[in-house]
Amino acid sequence: MSADLPRDELEPRRRARIEADPEQVERGLVQLVLTLVELLRQLMERQAIRRVEAGGLEDDQVEELGRTLMLLDEKMTELRDHFGLEAEDLNIDLGPLGRLL
Amino acid sequence: MITLFAVTWRTDAQALDKDGLAVLADGDLAMIVGPTPSTTSREDALAFGRVVERVASAVDVLPFRYGTTAADTEAARELLRENESSWAARLLQVEGCSELAIRAARRERDEEPAASGAAHLDRLVSRSRQLDIAEEEIGRLLTGRCRVVRRLAGHQELRLSCLVERHHVDLLRVLVEEWAASQTELEVSVTGPWAPYSFVANEEAG
C-alpha cells in the first residue's frame with residue numbers, strides 16, 4: 001500500500017518568518033549561556049559526589065569543594081532571578097538525544 | 001517539506017484511520033507522514049504528539065521526534081529504504097509494548113543553606129543515594145513486567161523509561177503508585193502509556 005500526499009498539502013502555506021525582536025534575542029542568548037553554565041555546574045556536582053563516594057578526600061578538601069558548589073548554586077539562583085528565568089528554562093530539547101539537563 | 005510521524009509495519013498501516021495523513025510503504029515497512037505546518041508552536045508540538053499517540057494506540061510504531069521532516073515523499077521513502085532492516089528489528093523489539101515514564105525527585109522544600117561546605121556536599125551525596133535506592137526499589141517492581149528499562153539523564157532526579165507490554169501497563173502503574181505513596185521525601189510521577197520514544201534508538205539514553 002502506498003499513497004503520496006497531494007502536492008499542495010506538502011508545501012507550507014507560507015514561509016515561516018524569523019522574529020528578530022531584540023529583547024527576545026537577548027533573553028534567548030542569556031538563556032542559552034546560563035544553560036551551558038548550569039550544565040557545567042551540574043557536571044561539577046556529579047563529579048564531586050563521585051569523589052566523595054569514592055573516599056580519599058581530606059576534610060579540608062571536602063569543605064572547599066562543598067563551599068565552591070554552594071557558592072555556584074547561589075550565584076546561579078541569583079542570575080536566574082535577575083533574568084526572570086526558572087530552573088526548567090535552563091534546559092534544551094535536543095530532539096533524538098533527549099533533553100540537555 | 002513533510003513531517004514524519006512514525007514507522008510501522010506495512011500490513012498494520014493498511015488498517016489505520018488516515019485522517020489527513022499519508023502512508024509511504026516500502027518493503028515490509030510503512031512511514032506515516034503529513035504536511036508540515038508553516039509555523040512552529042507549542043500547539044503544533046502537541047498536535048504532533050496527539051497524532052503519534054493515536055497511531056500508536058492502534059498499531060506498533062517507532063515514533064519520530066517532533067520536528068523530524070523530509071524534503072519530500074521521495075526523500076522519506078529513501079530514508080525508509082536505507083533503514084528498513086534496523087527499523088524492522090526495532091519494531092520487533094517494541095512489539096505489543098508501550099512506554100511508561102517514571103520520574104522521582106526530591107520534594108521541593110525551603111531549606112536553610114547548609115552550615116558549611118562539607119554539610120552542603122553531604123546533602124548532595126545523601127540526595128544522590130536516595131535516588132539510587134529509589135531506582136533499586138522501583139527496579140524490583142519492574143522486574144519481569146518490563147521488557148526494557150532505561151535510566152535517562154537527569155540531575156538530582158530519577159527518570160526511568162520502561163518498555164512495558166500493554167497488558168502490564170495498568171498493573172505496573174498501580175504498583176509504582178502504591179510504592180510512591182509510601183515515599184515521604186520523594187515526589188513520584190508515572191506517565192503514559194506513550195509511543196515508545198525512548199526505545200527507537202538502540203543505544204542507552206542518558
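Helices here are DSSP runs of H or I that cover at least four residues, and strands are runs of E that cover at least two. With that in hand, the predicted model is easy to read for chain A: going along the sequence, the pattern is simply α-α-α. In other words, chain A has three helices and zero strands.

A few overall values help to set the scene. Chain A contains 101 residues, and 23% of them count as buried. Its accessible surface comes to about 7,500 Å², with carbon and sulfur atoms holding 54% of that. As for contacts within chain A, take those between residues at least 6 apart in sequence: 66% of these join residues at least 24 apart.

Now for how the helices of chain A pack. Helix α2 of chain A spans residues 22-54, and helix α3 of chain A spans residues 59-82. Their axes sit 11 Å apart, at an angle of about 155°. Angles over 145 degrees count as roughly antiparallel, so α2(A) is roughly antiparallel to α3(A). The crossing of this pair is left-handed. On the α2(A) side, the contact is made by A:Leu34, A:Val37, A:Glu38, A:Arg41, A:Met44, A:Glu45 and A:Ala48. Helix α3(A) brings A:Leu65, A:Leu69, A:Leu72, A:Asp73, A:Met76 and A:Leu79 to the contact. Sorted by character, the residues of this contact are nine nonpolar and four charged, with no polar ones.

Helix α2(A) also meets a helix from chain B. This partner is α5(B), residues 117-142, and the two axes come within 10 Å and cross at roughly 90°. Angles from 65 to 115 degrees count as roughly perpendicular, so that is the label for α2(A) and α5(B). From α2(A), the residues in contact are A:Glu45, A:Ala48, A:Ile49, A:Val52 and A:Glu53. From α5(B) come B:Leu121, B:Leu124, B:Val125, B:Ser128 and B:Arg129. This contact divides into six nonpolar residues, one polar and three charged. Two residues of α2(A) turn up in both contacts: A:Glu45 and A:Ala48 are listed with α3(A) and again with α5(B).

One residue of helix α3 of chain A deserves a quick look, namely A:Thr68. Its relative accessible area is 38%, so A:Thr68 is partly exposed. The residues A:Thr68 and A:Asp81 are 13 residues apart in sequence, and their C-alpha atoms are 20 Å apart in space.

Notes. Residues numbered from 1 in each chain as written. Chains lettered and ligands numbered in written order. Predicted model: local features only at pLDDT ≥ 70, side-chain atom pairs only at ≥ 80, totals over all residues. Heavy atoms only, no water. Axes fitted to C-alpha atoms, helices over the stretch in contact; angles between N-to-C directions. Parallel < 35°, antiparallel > 145°, perpendicular 65-115°, else oblique. Left-handed = near helix turned anticlockwise from the far one by under 90°. Contact = heavy atoms within 4.5 Å. Nonpolar A, V, L, I, M, F, W, Y, C, P; charged D, E, K, R; others polar. Buried < 20%, exposed > 50% of the residue type's maximum accessible area, 1.4 Å probe, protein only. Areas by Shrake-Rupley, 256 points an atom, 1.4 Å probe, with all protein chains shown as cover.
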